[in-house]
Amino acid sequence: MKQPWDVIVAGAGAAGLFFAARAARRGLAVLVLDPGAPMGGAARKVRVSGGGRCNFTNLDMDPGRYLCANPHFTRSALARFTPWDAVAWLGEHGLGYEEKAPGQLFCAQGAAAVATALEADCAGAGVRLELGRPVRGVERAGDGFSVATEGGALAARAVAVATGGLSWPAVGASGLGFEVAAALGLRVEPPRPALVPLVCGSQGGSKGGSWPYADLAGVALPARVACAGAAFTDDLLFTHKGLSGPVILQISTYWRRGAALSIDLLPGQDAAALLAAARSAKGRGRALVRNFLAAHLPARLAARLAAQVAAPAPAPRPGAAPLALADTPLADLTAPQLHALAQALGAWTVLPTRSEGWAKAEVTAGGVDTAVLSSQTMAARHIPGLYFLGEVQDVTGHLGGYNLHWAWASAHAAALAVG
């Protein structure tokens, strides 16, 4: 093999390119290898992130926004690369930002401009970028590494694995980083789709079935969703297959097969107290259930809940047909019906059967176990010179710019240490 590179980077995504430019500016010879076709450019996932707008960071940056077996793992890197550092980096490339939602910062010029800035950063630092040349494997070789590629083996004193995860296969996602880690004896937490819509079946059965609310596809409303000790409040969206929207994407990272979701359709309100107040209010107790629900929920969802939540009300007089719950005055509801209605509003239980998988997942949960990595440098503790960056680690951020910020922060920490 030829004279070894100081560093070979596997993966030309956000973390890989950010790391490469910073390492090269420290005087290191850096080569970045990526399987992507040259005409598609580098940082393919960045180019389509945030719906093409690139949510590159979040002002509410805190280790608690990340799911990781070690809740303190992200602390050091986040402290050394803040959201304002990310803003400053964009500014160096003539790019501005917009706050589209509280704390969520997007590139004003769009995602493609961020990808172009990453490429320009590398070019200006003297990084050699080879697209269309995938890494096939990494082995230890003496004091360094041998990196297998289609064009033959390359020598490197250090290797940074920044290959991302399995989400977004349409832009070239692969499990190479996990394979490299496992081949070198490092533990990998099984990867799973995260920040992903959930597919739901019939309630009450572990095997699921057809989604009985498929006809509500397109209905959206604010909701609080809880699962596995975590809870989020944001918009919920009914789909033909199940549930989506920001609140479902958030909770999906915590959800595991067999776990149920508890959904509060009136977040910030006590459904039972609201019903009790409506029943006792002068003149309002005669309001029909469907009208009460329609005042608090989207019309189609209100009609469905009124029709399904409980048995018909008792007949109003001898010989009369029972009223459907939807047409029953609030004052005429029985205690069990009131309880069932309050539960449907404040603690609706849904049992998802699966997620919509890698094609719809925004990120990959699981990955290289952080217990085998240094939180200061992102290096493997027992393999000097081997670094893992960004999504390939078992670090998963919340929705809202946290995962892209982790790409910057982990890359920055590693670039300060590599040598």
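A salt bridge is taken here as a side-chain nitrogen of Lys or Arg within 4 Å of a carboxyl oxygen of Asp or Glu. In the predicted model, the side chains of Arg290 and Asp327 satisfy this criterion, with an N to O distance of 2.8 Å. Because Arg290 belongs to helix α9 and Asp327 to the loop between α10 and α11, the pair ties together parts that are 37 residues apart in sequence. Both ends of this salt bridge have intermediate accessibility: Arg290 is partly exposed at 39% relative accessibility, and Asp327 is partly exposed at 34%. Salt bridges with shared partners also join Arg128, Glu130 and Arg133 into one network.

By the same criterion, the model contains 15 salt bridges. One of them is formed by the side chains of Lys45 and Glu391, at 2.9 Å from N to O. This pair links distant parts of the chain, with Lys45 in helix α2 and Glu391 in the loop between β20 and β21 (396-397), 346 residues apart. Lys45 has a relative accessible area of 26% and is therefore partly exposed, whereas Glu391, at 17%, counts as buried; the limit for burial is under 20%.

A further salt bridge connects the side chains of Arg187 and Asp369, with an N to O distance of 3.4 Å. Here too distant parts of the chain are linked: Arg187 is placed in the loop between α6 (176-183) and β11 (188-194), and Asp369 in the loop between β19 and β20, 182 residues apart. The accessibility of Arg187 is 44%, so this residue is partly exposed. Asp369, at 11% relative accessibility, counts as buried.

The nonpolar interior was examined next. The largest nonpolar core comprises 88 residues, and Phe19, Val30, Leu386 and Trp408 are those with the most contacts inside it. Helix α12 (residues 402-417) supplies the largest share of this core, contributing 10 residues. Apart from this core lies another, of 46 residues, which includes Val225, Ile248, Leu330 and Leu338. For Val30, when neighbours within four places in sequence are left aside, the contacts are Trp5, Val7, Val9, Ala20, Ala23, Ala24, Val127 and Arg128. Among these contacts of Val30 is Arg128, which also takes part in the salt-bridge network with Glu130 and Arg133.

Strands β13, β14 and β15 are connected by consecutive hairpins. Strand β13 (residues 220-227) pairs with strand β14 (residues 230-238) in the antiparallel sense over eight bridges. Within this pairing, Ala226 stands opposite Ala231 of β14. The hairpin formed by β13 and β14 has two residues between the strands, and Ala228 in its turn adopts a positive phi of about 55°. On the other side of the second turn, β14 pairs with strand β15 (residues 242-244), again in the antiparallel sense, over two bridges. Phe238 has Leu243 of β15 as its bridge partner. The hairpin that joins β14 to β15 runs through three residues. Val225, a member of the core of 46 residues, falls within the range of β13 (residues 220-227).

Helix α10 (residues 299-308) has Leu301, Ala302, Arg304, Leu305 and Ala306 as its buried residues. The elements that cover these buried residues include β13 and β14, together with α9 (289-294) and α11 (335-346). Helix α9 thus contributes to the cover of α10 and also carries Arg290, the partner of Asp327 in the salt bridge described above.

Two residues outside glycine show unusual backbone signs. Cys54 has a positive phi of about 65° although it is not a glycine. Its place is in the loop between α2 (44-48) and β3 (55-58), and Cys54 is buried, with a relative accessible area of 0%. Met378, likewise not a glycine, has a positive phi of about 70°. Met378 is located in the loop between β19 (363-368) and β20 (386-388), and its relative accessibility of 0% means that it counts as buried. The loop between β19 and β20 that contains Met378 also contains Asp369, the partner of Arg187.

Conventions: Residues are numbered from 1 along each chain as its sequence is written. This is a predicted model: local features need pLDDT of at least 70, side-chain atom pairs count only at pLDDT 80 or more; totals for chains, interfaces and linings use all residues. Side-chain values use heavy atoms; hydrogens and water are left out. Helices (H or I, at least four residues) and strands (E, at least two) are DSSP runs, numbered from the N terminus. Buried means under 20% relative accessible area, exposed over 50%, partly exposed in between (1.4 Å probe, protein chains only). A nonpolar core is a set of buried Ala, Val, Leu, Ile, Met, Phe, Trp, Tyr and Cys residues joined through side-chain atoms within 4.5 Å. Contact means heavy atoms within 4.5 Å. Two strands pair if DSSP finds at least two bridges between them.
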